[in-house]
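Trainee: I have a two-chain model open and would like to learn how to read its features. Could you walk me through them?

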Amino acid sequence: MEWDALLLSRLQFAFTVGFHIIFPAFTIGLASFLAVLEGLWLFTKRAVFKNLYLFWVKIFALSFGMGVVSGVVLSYQFGTNWSVFSAVTGSVIGPLLAYEVLTAFFLEASFLGIMLFGWKRVGPGLHFFSTCTVAVGTLVSAFWILAANSWMQTPQGWEWAEDGTMVATNFAEVIFNPSLPTRFAHMVLAAYLTTAMVVAGASAFALLKGRALPESRVALRMAVLMMALVTPLQIMAGHESGIVAGHHQPAKVAALEGWWTTRTQQPTVLVGWPDEAAERNHFELAIPGFGSTVNNAAPNVVLPGLDQFAREDRPPVWITFWAFRIMVAMGLVMSALGVWGAGAWLLKRLDHARWYHRALVLAAPSGFIAVLTGWITAEVGRQPYVVYGVMRTADAVSPVPAASVAASLLFFIIVYAIVFTAGALYILRLMAKGPESEEPAPHSDQPPGTPLGAAIEEA
Amino acid sequence: MFGLELAMIWAVLIAVAVFLYVALDGFDLGVGILFPFAKSSRERDQMQAAIAPVWDGNETWLVLGGGGLFAAFPKAYAALMPALYIPIILMLLALIFRGVAFEFRHHGRDRGKRWWTIAFSAGSIVATVAQGLILGAFIQGVNIENGAFVGGAFDWLTPFSLLVAAALVLGYALLGAAWLVFKTEGELFTRARRWATQLSLLVALAMGAVSLATLGVDPRVTERWGLTMTSVDWPVFLKVAPLPVAAGLVCFALWRPWKGTPHLAPYLLTVALFLIGYLGLAVSLWPYIVPFAMKPAEAAAADNALQLMLWGALVMLPIILAYTAYVYWLFRAKVGDDGAYH
C-alpha cells in the first residue's frame, strides 16, 4: 500500500464523511422527534412536552451546527480531491446535489433561525411550522444525497458523451435508480433509531439518577415505542437492501458475507477472519446453507463467491465483512432492547427496570455505530469502483500532491477531534443534567406577554 | 447556440449566488473579524446575537456557489479546486471553527467560552483571508492543460493574492461594522459607527491598490480598461470609468458624518461598493469562468442537466429569497446590550 494522493484522499473522504454522517443521522431523527414533541405540547398543553422540547432543542442546535459545518466541507471535497470524478459525473449527479441545496439546505438553515431564535417573534403555530419545516428539510436532504450515492452504487440512465464525460439519458432513471428506495428507507429508519437510542439512553440515565422523572418517563416511552416499531421495519429494509445489492453488486455481497467460492447453498458466516491472500476465512463459524436462504435463493441456485471476480475487481474483504457484522450486531442489540422495553412496559415495570435502564445507557451509541459501520459496508463494498462497474476510484482522484493531502488530512483530524470532543462534552453535560421542570427557552429570556411566552405561561 | 445561452444563464446565476454569499456571509464574517476590538464579553454576545439567526442561511450561499459550480460547470470546478487546494481546505477548516463557536460559546464555561471566542474570531479572519487568496489566485488564472490543473501546490501564493486577501479582510470588516450599525444600539452602536468611518478610508485605499494591481495581471485586462503604463485609450476607458468614480463616491458617502440617515444606509452603501468591485472584476475577466483558460460554454455540464437545474432554480430561488427575506424581516429589530432582540 502506497501513501499516495489516492490513498490519502480516500482516507480523508472516509474520515470527513464518516464524521459528518454522525450528525445528520442524529438530527434527522431528532428534528422529527422535536416536531412531534412540539405538536403534542401545542395539542395537549402538557408542560412535560414543553420541557422535553426545550431540552432536546438545545442538543439539536449543537448537533445541527456540527452537521452544517462538516457538510460544507463535503461540497468542496468532490473538487479538491476527486476532480476527475467531478468532471466526468458532474452532468449526471451534479443536478441532484444542486437540488439538495435548492430544496433542503436553505429551508433548514432559514427555519432553524426561527426555531432557535424566534421564540418571542412568532406565534406558537408558526414556530411549530418552522420545526416541521426543518424536519422535512432534513428528510429531503437525505433523499437527494441517497439518490446521488445510490446512483454511484447502481448507475443507470446515463451514457458516455464524446468528450469522455457521462451524460444523463433519463434523469428519472438516474434519481430513482434500483438501490434508492431500499437504501433511502434504510437510512431514514437508521436515523430514527439512532435518535431513539440516544433519547432512551439519556432518559434512562435521568431515571437512574432520579431526575426529571415525568419528562424522562415520557421520553423513555416514546423511545421504546420507536425502537419496538422501527427495528422490525429496519431489519426488513436492510434485508431488501441486501437483495438489491445481490442483483447489482454481487462482489459486495460476496465480500460482506465472506463467501470465497461460487456455489449453491452458501453459508451464513457468523464470525471468521477473512484472509485475502489465502482466499479463505480463518476460524470460521458458519451456518451451512443459511446464507442462500437469507438472500432469498432456492437451494439449487448458484450464488457467486469472490472467486468469480478478478482480484483487482474485489472490494477490501476484511473491512466489508467486519463492518457488516458490527452493523448487524448493533441491529440485534436494538431489537432486543425494543422487545425488552415493550415487555417491561406491558408488565408496567418500565419505570423501575433498573437493569434495563443501565442497558439503555450502555447502548445509547449503538445507532451511531450501526450507521457508521453500515456506511463503511456500503462504500468499501463498492470498491474498487467509485461509480460501480463504470469508474474506478483510482481514476477519479485529483492531480494534487500527496503532501498537500497528507497535511489537509492531518488538520482535519486535529480540528475534528477538537470540535467533536467539545461538542460531545457539551451535549453529554446537558444530558447529564437532564430536562428541568422549568426549562428556559434557548437564547431568550421569555418575558410573559409575548406570543410564545404566553403559550408557556398557560402550559 | 441554445447550449451557449444556457451556459451563460448559469454563469450569471452562479455569479449572483457568489455575490449574495459575499454580501451576506461577508457581514457575519466581518463581525467575527471585529471581535477583538469589542470592549467586553457582553459586547461580544451582543455582536454575535446580531448575526446568530441568519449566519447559517448566509453560509448556504457558499454551498450553492460550490455545489452550483460542480453541477453547472463540472470542468471548471475540476480545474479550479485542485489548483486552490490549500486555501480551500484552509477556508473550510476555519469555517468549521467559527460555525460551531456560535453554539459552543454559550455552552462553554470560563475557559471554554474564552477559547470559543478566540476560535470564532480567528476562524472568521482565517476564512476571510483564505477567500481572499482564492479570489486573488482566481483572478491571476490557473495553469491548465487539457482541462486539468498542472501547476504547483503553492501557485496561489503571490504578492497579488496576499494583497487581495488583506483587502477582503478590510472589506468584510466594513460590512460587519455597517451591519452592527444597523442591528445594535447603545455603546456598541456608537463604536460600530466609528469603525465604519475608519474602515471606509482603508477599504478605499485597498480597493484602489487591488484595482491597479489587477491591471498588471494580464495584458487582456489592461486592454479591457484601456489603460497601460504609458498611455490611456480614452474611448475604452471612458466607457468603464463610471465604476471607479462610483466607488470613490460611495466611499466618500460612507466616510462623511451622516447624522440622521437610516441605520441601514452604511450596510447598503458597502454592498454597493462590493457590487462595483464585482462589476469591475467582471469587466476585467469577461467572459472567462476560469480566467484566461475556460469560457462558460467550454466548462458547462450537458444541456439536459443545465435545463433540469434551471427549472429547479426558477421555481426554488424566488421561494428561497422570499423566506430568507421573511427571516431577516422577523429579526429586523435592534439587538440591545443584553443580547436580546428589542
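Mentor: Happily. Let's begin with polar contacts: a pair of N or O atoms within 3.5 Å, where within protein one must be able to donate a hydrogen and the other to accept it, and residues adjacent in sequence count only if both atoms are side-chain atoms. Across the interface of chain A and chain B, 16 residue pairs are in polar contact, both at pLDDT 80 or more. Before going on, note that this is a predicted model, where local features need pLDDT of at least 70, side-chain atom pairs count only at pLDDT 80 or more, and totals for chains, interfaces and linings use all residues. Residues are numbered from 1 along each chain as its sequence is written, chains are lettered from A and ligands numbered from 1 in the order in which they are written, and side-chain values use heavy atoms, with hydrogens and water left out.

Trainee: Which elements give two or more residues to the side of chain A that touches chain B?

Mentor: Elements here are DSSP runs numbered from the N terminus: helices (H or I, at least four residues) and strands (E, at least two). On chain A they are helix 2 (47-81), helix 3 (83-117), strand 2 (166-168) and helix 13 (402-433). Helix 3 of chain A gives the largest share, 25 residues.

Trainee: How many residues does the contact take from each chain?

Mentor: With contact meaning heavy atoms within 4.5 Å, chain A gives 70 residues and chain B gives 65. Buried area is the accessible area (1.4 Å probe) that two parts lose on being put together, summed over both. Here that is about 6000 Å², 76% of it on carbon and sulfur atoms. A:Tyr76, A:Phe106 and A:Arg121 supply 14% of the area that chain A buries against chain B, more than any other three residues.

Trainee: And how do I read salt bridges?

Mentor: Side chains of opposite charge can pair when their charged atoms come close. The rule asks for a side-chain nitrogen of Lys or Arg within 4 Å of a carboxyl oxygen of Asp or Glu. The structure holds 15 over all chains, and one crosses the interface of chain A and chain B. B:Lys75 pairs with A:Asp163, their closest N and O atoms 2.7 Å apart.

Trainee: What does A:Asp351 form a salt bridge with?

Mentor: Its partner is A:Arg221, with the closest N and O atoms 2.8 Å apart. Because A:Asp351 lies in the loop between helix 10 (317-346) and helix 11 (354-363) of chain A, and A:Arg221 in helix 7 (residues 213-248) of chain A, the pair ties together parts 130 residues apart in sequence.

Trainee: What about unusual backbone geometry?

Mentor: Most residues other than glycine have a negative phi, and most peptide bonds are trans. A cis peptide bond joins A:Gln383 and A:Pro384, with omega about 5°. A:Pro384 sits in the loop between helix 12 (366-380) and strand 5 (385-387) of chain A. Another cis bond joins B:Trp286 and B:Pro287, with omega about 0°. B:Pro287 is in the loop between helix 12 (265-285) and helix 13 (296-299) of chain B.

Trainee: Where is A:Phe283 found?

Mentor: A:Phe283 is in strand 4 (residues 280-287) of chain A, and its phi is positive, near 50°.
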